[in-house]
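Trainee: Please take one strand of this model and go through it closely. Then work outward to the contacts that tie other parts of the chain together.

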Amino acid sequence: MPVASSVEISAPVRTQAPHTMAVYAFDGMSPFELSCVVEVFGLPRPEFGVPWYELKVCAQSRRPMRAVGGFTLATEYDLDDLAAADTVVVTAVPDVRGEVPAALVEALRRAHARGARIVSICSGAFALAAAELLDGLEATTHWQYAALLAERYPAVRVDPDVLYVDHGRILTSAGSAAGLDLCLHLVRVDHGPAIANAVARRLVLPPHRDGGQAQFVEAQFPAAPGPQRDGGGVARSMHWALENLAAPLAVADLARVAGMSQRSYLRNFAHATGTSPLRWLVGRRIAAARALLESTDEPVERIGAAVGFADPATFRHHFGRATGTSPSAYRRAFHA
């Protein structure tokens with residue numbers, strides 16, 4: 001899992017000219033991630049005393065575009081403006097299962113060849129992948145799209161468990177609120193922590209969430225994994241494991257419940273979920289622990305044992321690896 005200390009951090013922008021920030025818009029988009037970019041980079045902030053960003057919302061056409069919610073917007077900037085920007089942000093693509101618009105792919109490649117910083121939020125990673133800008137790199141996207149991104153673009157090393165990944169000129173983030181984390185990270189890189197913290201205060205947000213922190217989500221599992229190749233055995237074993245989290249569980253136990261050999265079970269489980277049984281099991285135990293930390297006052301050690309970690313040190317290790325924080329710190333942040 002990438003953590004903040006392992007990513008490449010771009011040099012701060014200290015030029016006197018405004019840093020041009022372009023964000024992609026399209027017909028039928030959801031406006032949330034686009035609005036995050038506009039809020040952080042589009043509002044004038046003369047009180048900071050530094051050259052702020054010049055934001056351009058860019059689209060393939062200057063015709064009015066529909067947005068989710070029944071309203072329209074139009075922009076005076078096109079994809080030539082996007083390709084010429086200092087930083088390019090793609091917050092989403094029209095269809096994660098369809099082809100990324102060729103004009104957007106070409107504009108991203110032009111921008112990258114010029115030396116621009118390229119950023120994706122949520123499903124925008126599909127556009128960067130289509131432009132081959134993520135080949136060989138670790139990248140992230142919204143957790144519900146991670147498996148599809150890895151399937152469609154096998155040259156990309158997809159990590160669904162982080163908020164964002166910074167490779168200097170190429171940055172990717174998870175969905176929705178993680179986009180705000182990445183936007184604040186860009187401000188921090190360009191102008192330093194004091195200004196980034198001031199912007200966060202105006203947004204009523206925590207000043208910094210580390211990119212290596214996990215997406216706090218409940219990962220789904222299939223009710224009937226795959227095209228019924230295993231007769232539902234994998235799903236049956238997963239449900240059984242969730243009902244017996246406190247017990248010591250091994251792959252042999254899960255395979256027995258699924259009615260398979262261990263080798264067959266490992267193959268079918270990977271096909272159905274994209275991960276291994278033990279990694280999935282640790283994730284479910286951590287998810288159960290999070291729920292208990294949020295809703296009860298039980299001691300941390302007892303919560304660890306209740307979800308299957310007999311050794312408190314092992315519990316803290318896995319919890320820290322999965323969430324980027326300790327069980328006690330998580331409770332302080334998320335307890336009702």
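Mentor: Start with a residue pair: D166 stands opposite L171 in β10. Keep in mind that this is a predicted model. L171 belongs to strand β10, which spans residues 170-173. D166 belongs to the partner strand, β9, residues 164-166. β9 and β10 run antiparallel, and three bridges join them. Together they form a hairpin with three residues between the strands. In this hairpin G168 takes a positive phi, near 90 degrees.

Now the other partner of β10. Strand β6, residues 117-121, runs parallel to β10. Four bridges join β6 and β10. Here I121 stands opposite S173. β10 thus pairs with β9 in antiparallel fashion and with β6 in parallel fashion.

Next, the faces. In a regular strand the side chains alternate between the two faces of the sheet. In β10, I170 and T172 lie on one side, and L171 and S173 on the other. These four residues are all buried, which leaves both faces of the strand covered.

Helix α7, residues 193-202, also has buried residues: I195, A196, A198, V199 and A200. An α-helix has 3.6 residues a turn, so residues three or four places apart point the same way. The cover over the buried residues of α7 includes α1 and α6 (177-191). After α7 comes V204, with a positive phi near 55 degrees.

Now the charged pairs. The structure holds 11 salt bridges. One of them joins R66 and D27, with the closest N and O atoms 2.4 Å apart. R66 sits in strand β3 (residues 65-67) and D27 in the loop between β1 (19-24) and α1 (31-42), so this pair ties together parts that are 39 residues apart in sequence. R66 counts as exposed because its relative accessibility is 53%, and the cut-off for exposed is over 50%. D27 has a relative accessible area of 35% and is therefore partly exposed.

A second salt bridge joins the side chains of D78 and R62, at 3.4 Å from N to O. D78 is in the loop between β4 (71-73) and α2 (79-83), and R62 is in the loop between β2 (53-58) and β3, so the pair ties together parts that are 16 residues apart.

A third pair is E138 and R157, with the closest N and O atoms 3.9 Å apart. E138 is in strand β7 (residues 138-139) and R157 in strand β8 (residues 157-158), 19 residues apart, and the pair links distant parts of the chain. Both residues are partly exposed, E138 at 22% relative accessibility and R157 at 45%. D80, E106 and R110 form a network of salt bridges.

Finish with T75. This residue lies in the loop between β4 and α2. Its relative accessible area is 11%, so T75 is buried. The side chain of T75 reaches the backbone oxygen of V57 at 2.3 Å. A polar atom of the same T75 side chain lies 3.2 Å from the backbone nitrogen of Y77. Leaving aside residues up to four places away in sequence, T75 touches V57, C58, A59, R62 and M65. R62 in that set is also the salt-bridge partner of D78.

Methods: Residues are numbered from 1 along each chain as its sequence is written. This is a predicted model: local features need pLDDT of at least 70, side-chain atom pairs count only at pLDDT 80 or more; totals for chains, interfaces and linings use all residues. Side-chain values use heavy atoms; hydrogens and water are left out. Buried means under 20% relative accessible area, exposed over 50%, partly exposed in between (1.4 Å probe, protein chains only). Helices (H or I, at least four residues) and strands (E, at least two) are DSSP runs, numbered from the N terminus. Two strands pair if DSSP finds at least two bridges between them. A salt bridge is a side-chain nitrogen of Lys or Arg within 4 Å of a carboxyl oxygen of Asp or Glu. A polar contact is a pair of N or O atoms within 3.5 Å; within protein, one must be able to donate a hydrogen and the other to accept it, and residues adjacent in sequence count only if both atoms are side-chain atoms. Contact means heavy atoms within 4.5 Å.
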